[in-house]
Amino acid sequence: MTNQIEILIVEDDKRISDIHRRFIEKLVGFEVIGSAFTGDEAKDWIISYQPDLVLLDVYLPDTLGTDLLTVIQEHSPDTDIIFITAAAEADIVKKAFRGGVADYILKPLTFEKFKESLLAYKEKRDILTGVGNVQEELIKSLWNNKATPTQYMESIPPKGIDPITKEKIVNEIKTIKEGITAESLGLQVGVSRSTARRYLEYLVSEKVVYAELIYGTVGRPERRYFIQ
């Protein structure tokens, strides 16, 4: 059995940190060794434990995640980094790229994107931990991303779409054969009608659900949503 990839989560929002931890628990070959909520806590973890991988947010209470790149390079040079952040500023992205960051994922995060990133990282790590010469095709794969920039941007959910709420809504719709309105869904999952509609229209764009106008005997037609 291969060794587990030890991961340190650096994220100031405990709720999001817990989501990352639950996502990792669903994957084989990875193990969370700890969570840090500030830059100082992250430094202590990195220097003391030298994790294999750091999942790093940019906006921390006491520093920027990019400022930790030099700490990692100095004290734990074999530690890899994946940014998971809402930061899209050019200078932040540039520092991450030049700092050798393995992947850069924009929030909000879906499990599928998280899984894709970590498994791709694991494949590359397995190549780099081998012995002897590396075949040319494997060398190419280290610097070749399968997704085009357009495909990548399309996979990022818009602002305001939370993966946990999205999953809860999808599961709710699956149980209702006759479809559901935004108002009824809001009551079922405990969100406002406008929030429910935003999630439903996003799921329509993702082809997870579809919408139909249902005409009753009186009154205006209802827009009902059904699972694909």
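**Helix H2**

Select helix H2, residues 39-49, in this predicted model. Gly39, Ala42 and Ile46 of this helix are buried. Turn the view so that it looks down the axis of H2: the buried residues fall within an arc of 55°, so they line one face of the helix. To see what this face meets, display strand S1 (5-10), strand S2 (30-36), S3 and H3, against which the buried residues of H2 pack.

Next, rotate to the face of H2 turned away from the buried side. Asp44, Ser48 and Tyr49 are the exposed residues carried there. Then step just past the end of H2 to Gln50, where the backbone takes a positive phi of about 45°.

**Asp57 and Lys107**

The tour now turns to charged pairs. Side chains of opposite charge can pair when their charged atoms come close. Eight salt bridges are present in the structure, and three of the pairs are visited below.

Select Asp57 and Lys107, whose side chains form a salt bridge with an N to O distance of 3.5 Å. Asp57 is found in the loop between strand S3 (53-56) and helix H3 (68-75), while Lys107 is in the loop between strand S5 (103-106) and helix H5 (111-128); the pair therefore ties together parts that are 50 residues apart in sequence. Is each partner buried or partly exposed? Asp57 counts as buried because its relative accessibility is 3%, under the 20% limit. Lys107, with a relative accessible area of 22%, is partly exposed.

**Glu116 and Lys113**

Continue into helix H5 and select Glu116 and Lys113. Both residues lie in this helix, three residues apart, which is about one turn of the helix. A salt bridge joins Glu116 to Lys113, with their closest N and O atoms 3.9 Å apart. Glu116 is partly exposed at 46% relative accessibility, whereas Lys113 is buried, its relative accessible area being 12%.

Before leaving this region, add Glu11 to a selection of Asp57 and Lys107. Salt bridges that share partners join Glu11, Asp57 and Lys107 into one network.

**Arg15 and Asp162**

Now select Arg15 and Asp162. Their side chains meet in a salt bridge, at 3.3 Å from N to O. This pair links distant parts of the chain: Arg15 belongs to helix H1 (residues 14-25), and Asp162 to the loop between helix H7 (149-154) and helix H8 (163-174), 147 residues apart. Arg15 is partly exposed, at 47% relative accessibility. Asp162, in contrast, has a relative accessible area of 18% and is buried.

**Tyr199**

Keep Asp162 on display and add Tyr199, which is placed in helix H10 (residues 193-205). Tyr199 is buried, at 3% relative accessibility. Although Tyr199 and Asp162 are 37 residues apart along the chain, a separation of 9.1 Å lies between their C-alpha atoms.

Which atom of Asp162 lies 2.8 Å from a polar atom of the side chain of Tyr199? The answer is the backbone nitrogen of Asp162. Asp162 thus appears twice on this tour, with its side chain in the salt bridge to Arg15 and its backbone nitrogen beside the side chain of Tyr199, at 2.8 Å from a polar atom.

To finish, show the residues in contact with Tyr199, leaving aside its neighbours within four places in sequence: Gly160, Ile161, Asp162, Thr165, Lys166 and Ile169.

Technical notes. Residues numbered from 1 in each chain as written. Predicted model: local features only at pLDDT ≥ 70, side-chain atom pairs only at ≥ 80, totals over all residues. Heavy atoms only, no water. Salt bridge = Lys/Arg side-chain N within 4 Å of Asp/Glu carboxyl O. Helix = DSSP H or I, 4+ residues; strand = E, 2+ residues; numbered from the N terminus. Buried < 20%, exposed > 50% of the residue type's maximum accessible area, 1.4 Å probe, protein only. Contact = heavy atoms within 4.5 Å. Polar contact = N/O pair within 3.5 Å; in protein donor to acceptor, adjacent residues only side chain to side chain. Arc of directions from axis to C-beta.
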